[in-house]
Amino acid sequence: MAHSGISVLLEGTNFTRLLGGLWVTVKIAAIALIVGIVLGIILGVLRTFKNRPLRLILRLYLEFFRIVPTVVLLFLFYYILPRQMNFNLPADQLATLVFALWVAAEMSDIVRGALISVPKHQRESGMAIGLNRYQLYRYVLIPQAISLEIPATINLATRVIKTTSLLMLISVMDVINIGQQIIEANNHSHPTGVFWVYGLIFLFYFLIDYPLSWWAKRLEKKRLERANG
Amino acid sequence: MADKVLEVEHLEKYYQKKHVLFDINLSIQQGEVVTLLGPSGSGKSTLIRCLNGLEEYQKGTIIFEGKKIVPTEKNWQQIRQKIGMVFQSYDLFPNLTVIDNILLGPIKVQKQDKSAARVEAKKLLKSVDLEDYADVYPRELSGGQKQRVAIVRALALHPDFMLFDEVTASLDPEMVRGILNIIKGLANMDNMTMIVVTHEMNFAQEIADRVVFLENGHILEQTPAKQFFSKPKTDRAQAFLDSMDF
């Protein structure tokens, strides 16, 4: 058979273009995660302080990013902000920003939850040896919170990576957008190309996300073993 | 007359609307061992937690080593280095080894020299028979061992004054004696000033110079220990002793 659909992947530079798209996807997800996690840890620590107005503002921030669907956030930042506020960024940087803000919001809740589940006695025995607030968080609370929050953080990472598939909607040249272009350009010569291209994209996402989710499960199991053993 | 380490004057404590400590007046002299007795819920723990700022109080003053405490968080951080506290539930930091639990205060808070602090921590561990456990994590220790480490952790800051809050209450019976002997050693050999909240009447009798008897947030009596255990001033304290069966 002249055209078994799979050859579409090897036609011209198609495969390297798909890999290039994957690189864009991974880069956006990775930068957004790094920036978002760091920011989220800071916000999460702040949310355990007693200051009520501060807590309220951070809570509203979290709820905004949690309730508004990611697509709407992307459109908001891509179409509305530039026009209303003259805020212009290339699509991929803008996507990174939106994702980072979203990760920060979700991460703040993970960190806060982990910090407040460290027993109150730990805080008190830290205070009893004269630790100040910074030292208390640095040496006692945060290290104990980390083992609680790592599995949830990895799960957040897998969600972020999956959600990058929305980026084509604001014209970022991610792996899905490039796949779409390849399908359309080869529609005549390779009518079943869509199956192979999306099949490969599925495999890409699976290869990135599955190890992460396996790792999260393993860490959680270990933590439970330690806690109950 | 010996120096007063701590004086409490007209201290009142509320939890929101609920009045839990009423007009507490107390003073403790250098080297004195005071045991705080009373039925559960009488406010013993709340009182000693007020003494190192873990609980706020609404009225009254606390004078420590001659200086009136201005109860800000910063001041308490300083004072807590002088007032060691050991809790019922030991509360070692599970993320740190035994030696790091002990060294956290001396090195990070007091900025003591690292190697000297380590040498001293080892010595303290040896004094409670735990010299082989410096590098293990708290989860590998028994309750009694954890509590001994918790005492060492408090002592490593060189406190002038110690608070013990029912430190044997959650231990297996066979562990209790070891802990009590350590506290007794501190009182007798090191002449440490301390307030001990306990339900171990025999121990209270052995160690106390003076008993403060508390009920429903009121100090009912303060009596030299010998007298308290033979003939307390109040009927309520007599009834309490009778009920303790020791």
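This is a short selection tour of a predicted model.

**Before you start**

Residues are numbered from 1 along each chain as its sequence is written, chains are lettered from A and ligands numbered from 1 in the order in which they are written. In this predicted model, local features need pLDDT of at least 70, side-chain atom pairs count only at pLDDT 80 or more, totals for chains, interfaces and linings use all residues, and side-chain values use heavy atoms, with hydrogens and water left out.

**Stop 1: helices α2 and α4 of chain A**

Select residues 52–67 of chain A for helix α2. Then add residues 91–116 of chain A, helix α4. Helices (H or I, at least four residues) and strands (E, at least two) are DSSP runs, numbered from the N terminus. The axes of α2(A) and α4(A) cross at roughly 120° and come within 9 Å. Axes here are lines fitted to C-alpha atoms, for helices over the stretch in contact, and angles run from 0 to 180 degrees between N-to-C directions. The two helices, α2(A) and α4(A), are therefore oblique to each other. Angles under 35 degrees count as roughly parallel, over 145 as roughly antiparallel, 65 to 115 as roughly perpendicular and the rest as oblique. The α2(A) and α4(A) crossing is left-handed. Left-handed means that the near helix is turned anticlockwise from the far one by less than a right angle; right-handed means clockwise.

**Stop 2: a salt bridge between them**

Show the side chains of R66(A) and E106(A). They meet in a salt bridge, 3.8 Å from N to O. The term means a side-chain nitrogen of Lys or Arg within 4 Å of a carboxyl oxygen of Asp or Glu. R66(A) sits in α2 and E106(A) in α4 of chain A, so the pair ties together parts 40 residues apart in sequence. E106(A) is buried at 10% relative accessible area, while R66(A) is partly exposed at 39%. Buried means under 20% relative accessible area, exposed over 50%, and partly exposed in between (1.4 Å probe, protein chains only). Now add R47(A), D109(A) and R159(A): with R66(A) and E106(A), they are linked in a network of salt bridges.

**Stop 3: helix α6 of chain A**

Keep α4(A) on screen and select residues 133–163 of chain A, helix α6. The axes of α4(A) and α6(A) lie 8 Å apart, at an angle of about 140°. That makes α4(A) oblique to α6(A). Their crossing is right-handed. Next, pick V140(A) in α6. V140(A) is buried, with 0% relative accessible area. Add G126(A): its C-alpha is 7.1 Å from that of V140(A), across 14 residues of sequence.

**Stop 4: a nonpolar patch**

Select F202(A), L203(A), F206(A), L207(A), Y210(A), W214(A) and W215(A). Together they make a nonpolar surface patch of about 790 Å². Patches are made of residues with over 30% relative accessible area and no salt bridge: like charges are joined within 9 Å, nonpolar side chains (Val, Leu, Ile, Met, Phe, Trp, Tyr) within 5 Å. W215(A) belongs to helix α8, residues 193–228 of chain A. At 41% relative accessibility, W215(A) counts as partly exposed.

**Stop 5: chain B**

Select E32(B) and R210(B). Their salt bridge has its closest N and O atoms 2.9 Å apart. E32(B) is in the loop between β2 (18–29) and β3 (33–37), R210(B) is in strand β9 (residues 210–215), and 178 residues separate the two. Both E32(B) and R210(B) are buried.

Move on to R80(B) and E73(B), which form a salt bridge at 3.3 Å between the closest N and O atoms. R80(B) is buried at 0% relative accessibility. E73(B) is partly exposed, at 41%. Over all chains, the structure holds 16 salt bridges.

Note on methods:
Accessible areas come from the Shrake-Rupley method with a 1.4 Å probe; for residues, only the protein chains shown count as cover.
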